[in-house]
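Trainee: I am new to this structure. Can we go through some labels and ask what earns each of them?

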Amino acid sequence: MCAHVLVAEDDEMQAELIRRSLLTEGHTATVVHDGAAAITAARQLRPDLVVLDLMLPVIDGFGVCRVLRGEDDIPVLMLTARSTEDDVLLGLELGADDYMTKPYSPRELMARIRTVLRRSGRNSESRQEDTAVRAAGLSVDPARHEVRCDGTPVDCTPAEFEILLAMTTEPERVFSRRQLLQYTRGLDRASTERAVDVHIMNLRRKIEADPRKPVRLLTVFGVGYKLRGGRA
């Protein structure tokens with residue numbers, strides 16, 4: 001069962017652990033770190049499942065779940081350090097399909113995800129819809145692991161793909177090198193934030209007409225990088 005899972009978790013280390021566990025299980029994953037971004041990503045990507053932390057900034061998990069339930073039937077698995085009965089009941093009343101309290105083991109979380117997906121019948125193998133994310137003339141398809149630039153296929157390394165997927169999901173957002181390094185799975189190996197600069201340089205060669213004068217993948221001096229251009 002291969003699914004596209006949206007992970008909404010403000011703890012970046014925890015989000016990366018969940019993302020890697022999902023990849024190991026054969027799923028694809030998109031990660032966001034606040035409630036407003038979770039709602040936007042859910043509307044645009046229509047994932048098979050949302051793993052939703054309750055203690056999100058901007059809009060908390062309860063608010064996100066309330067919005068999602070008013071618009072779609074995407075399964076929601078809630079995560080929280082709050083384990084009071086009132087919290088659990090509120091989450092379930094809002095329509096959450098399952099509820100896990102922290103701390104939890106990645107194996108248990110993956111087992112719960114398998115159960116929710118099986119129960120809902122929503123997974124990428126059972127749907128033939130378009131799963132690509134589009135922005136700035138780019139199309140990044142997490143289900144097929146394909147990238148196109150103005151309709152032309154682009155060969156990307158795994159790290160380059162992860163960076164483009166993150167940036168096309170949230171165009172105009174400025175990502176720090178540290179954040180992009182996490183998307184390239186750099187937390188468990190001898191990687192530095194300067195490695196991100198190399199990935200960006202290589203991506204510009206592939207998606208910019210003139211890599212020396214980029215119009216898509218821009219540097220925000222002193223902060224990081226952003227993708228210029230709205231979602232298509």
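Mentor: The questions below turn to salt bridges, burial and strand pairing. Keep in mind that this is a predicted model.

Trainee: What does the protein contain in terms of helices and strands?

Mentor: There are eight helices and twelve strands. Buried residues make up 50% of the 232 residues.

Trainee: Why is the contact between Arg114 and Glu25 called a salt bridge?

Mentor: The N to O distance is 2.8 Å. The cut-off is 4 Å between a side-chain nitrogen of Lys or Arg and a carboxyl oxygen of Asp or Glu, so the pair qualifies.

Trainee: Where in the chain do Arg114 and Glu25 lie?

Mentor: Arg114 is in helix α5 (residues 106-120). Glu25 is in the loop between α1 and β2. They are 89 residues apart, so the pair links distant parts of the chain.

Trainee: Why is Arg114 called partly exposed?

Mentor: Its relative accessibility is 35%. Buried needs under 20% and exposed needs over 50%, so Arg114 falls in between. Glu25, with a relative accessible area of 34%, is partly exposed for the same reason, because 34% also lies between those limits.

Trainee: What makes Asp197 buried, and what makes Arg194 exposed?

Mentor: Asp197 has 13% relative accessibility, which is under 20%, so it counts as buried. Arg194 has 57%, which is over 50%, so it counts as exposed.

Trainee: How do you know that Asp197 and Arg194 form a salt bridge?

Mentor: Their closest N and O atoms are 2.8 Å apart. That is within 4 Å, so the label holds. Both residues lie in helix α8 (residues 194-207), three residues apart, about one turn of the helix.

Trainee: How many salt bridges does the structure hold?

Mentor: It holds 18. Glu16, Arg19, Arg20 and Glu162 are linked in a network of them.

Trainee: Now the strands. Why do β7 and β8 count as paired?

Mentor: Four bridges join β7 (residues 138-141) to β8. Pairing needs at least two bridges, so they count as paired. The two strands run antiparallel. Val140 has Val147 as its bridge partner in β8.

Trainee: What joins β8 to β9?

Mentor: Three bridges, in the antiparallel sense. At least two are needed, so this is a pair as well. Cys149 has Thr152 as its bridge partner in β9.

Trainee: Which side chains of β8 are buried?

Mentor: Val147 and Cys149 point to one face and are buried. Glu146 and Arg148 point to the other face and are not buried.

Definitions and conventions:
Residues numbered from 1 in each chain as written. Predicted model: local features only at pLDDT ≥ 70, side-chain atom pairs only at ≥ 80, totals over all residues. Heavy atoms only, no water. Buried < 20%, exposed > 50% of the residue type's maximum accessible area, 1.4 Å probe, protein only.
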